[in-house]
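Colleague: Please show me the model, and let me ask how the assignments were reached.

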Amino acid sequence: MTERTDISRYAVRLGDDALILGHRVSEWTSRAPFLEEDLAVTNVALDYVGRARMFYQYAAELEGGDTTEDTFAYTRDARAFTNLLLCELPRGDFAHSVVRQFFYDAYALPMLQALKGSYDDRLAAIAAKAEKESTYHLRRGREWMLRLGDGTEESHARMQAAVDELWGYTHELFEVDELEQRLIDSGIAVDPRLFQHDWHDNVAGVLREATLSLPEADWSIRGGRTGHHTEYLGYLLAELQFMQRAYPGLKW
Amino acid sequence: MSDHMQLYEVFIRSRRGLDHKHVGSLHADDPEQALEYARDVYTRRSEGVSIWVVASKDITASQESDCESFYDPLDDKPYRHASMYEMPEGVDSL
């Protein structure tokens with residue numbers, strides 16, 4: 001396997017994370033609790049979908065031929081998607097979405113900061129652009145964590161339930177397979193294990209401040225990177241891909 | 001929208017060197033959140049380089065009924081306007 005293929009697959013992974021999470025966030029559009037949050041949350045969704053496009057475009061260039069960004073987004077089935085499971089879980093209630101977003105953004109920011117130093121110039125450039133967005137997302141997310149965690153009895157209970165439910169999905173964020181190890185060795189991919197402790201400290205600190213407790217979950221689940229997804233991804237793709245499936249090659 | 005949300009007025013400076021201008025208002029829980037929503041609601045198309053938010057309740061505003069006592073007395077004091085001066089040559093506006 002050539003390095004070019006490795007980089008393409010790595011870019012698709014990062015693109016898949018962004019597209020699937022962005023789609024989940026976009027499900028709040030017109031359904032957020034109030035107008036200001038509706039616009040804010042939609043901005044976040046757009047940031048993520050835009051990020052997916054940058055990664056897919058790069059992967060498409062590496063693949064060559066007729067492959068485009070749309071090939072990745074619209075013509076693959078669930079088994080071919082390699083996003084982290086955390087990204088595909090249903091949006092749940094607002095607390096659930098806030099916690100998922102915070103867990104992910106607390107991972108995305110150091111990940112992008114490290115990716116800026118990649119030997120691959122294109123990945124480094126995408127990371128530099130996305131880092132600014134993630135800095136803002138994390139700031140927003142942290143405040144929602146505090147506001148709802150240390151809010152009313154009801155909001156606190158919903159936040160704690162979300163934290164407990166999502167915790168087992170966070171281990172996958174820091175696991176590295178052979179593909180990523182090869183790219184880490186050649187200075188192209190990010191080794192998430194390097195900031196795993198910082199992530200944990202950061203998250204634990206915010207949970208404490210938000211009067212939420214750190215779960216002592218004895219379970220963890222993985223599989224997204226190898227295409228073993230939850231039952232939810234298929235439904236998400238059915239909606240996301242409908243137009244291109246019904247009218248292949250359709251353009252705006 | 002929750003009951004305790006407050007109204008904030010939003011001021012944006014569009015370019016360095018210009019003044020902040022009032023652009024509208026929004027609801028938020030606290031000033032920090034108001035600032036972030038101002039970014040999301042009012043600067044989506046790169047409208048600004050600086051944002052101020054002020055709780056609307058903290059603004060003391062003149063009333064319509066103040067007009068007579070506030071502004072009418074100025075009507076007969078034309079010497080306060082610069083309109084009597086002749087513009088120096090080459091100056092378009094003062």
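Modeller: This is a predicted model. A place to begin is strand S1 (residues 6-13) of chain B, which pairs with S3(B) in the antiparallel sense.

Colleague: How do you know that S1 and S3 of chain B pair?

Modeller: Two strands pair if DSSP finds at least two bridges between them. S1(B) and S3(B) have six bridges, so they meet that definition. One of the residues involved is B:Ile12, whose bridge partner in S3(B) is B:Ile51.

Colleague: Which order do the strands of the chain B sheet take?

Modeller: The order is S2-S1-S3, in an open sheet of three strands with antiparallel pairing. From one strand to the next, the twist averages 25°.

Colleague: Why are S2 and S3 of chain B said to stand at the edges?

Modeller: Strand S2 (20-28) and strand S3 (50-55) each have a single partner strand, so one side of each has no neighbour in the sheet.

Colleague: Where does helix H1 of chain B lie?

Modeller: H1(B), residues 31-42, lies across S1, S2 and S3 of chain B. Its direction is at about 115° to S2(B).

Colleague: What makes a residue of chain B count as in contact with chain A?

Modeller: The C-beta atoms of the two residues, placed from the backbone, must lie within 7 Å. By that criterion, eleven residues of chain B are in contact with eight residues of chain A.

Colleague: Which elements of chain B give two or more residues to that side?

Modeller: They are S2 and H1 of chain B. H1(B) gives the largest share, six residues. The side of chain B that touches chain A divides into five nonpolar, two polar and four charged residues.

Key:
Residues are numbered from 1 along each chain as its sequence is written. Chains are lettered from A and ligands numbered from 1 in the order in which they are written. This is a predicted model: local features need pLDDT of at least 70, side-chain atom pairs count only at pLDDT 80 or more; totals for chains, interfaces and linings use all residues. Helices (H or I, at least four residues) and strands (E, at least two) are DSSP runs, numbered from the N terminus. Axes are lines fitted to C-alpha atoms, for helices over the stretch in contact, and angles run from 0 to 180 degrees between N-to-C directions. Ala, Val, Leu, Ile, Met, Phe, Trp, Tyr, Cys and Pro count as nonpolar, Asp, Glu, Lys and Arg as charged, and the others, Gly among them, as polar.
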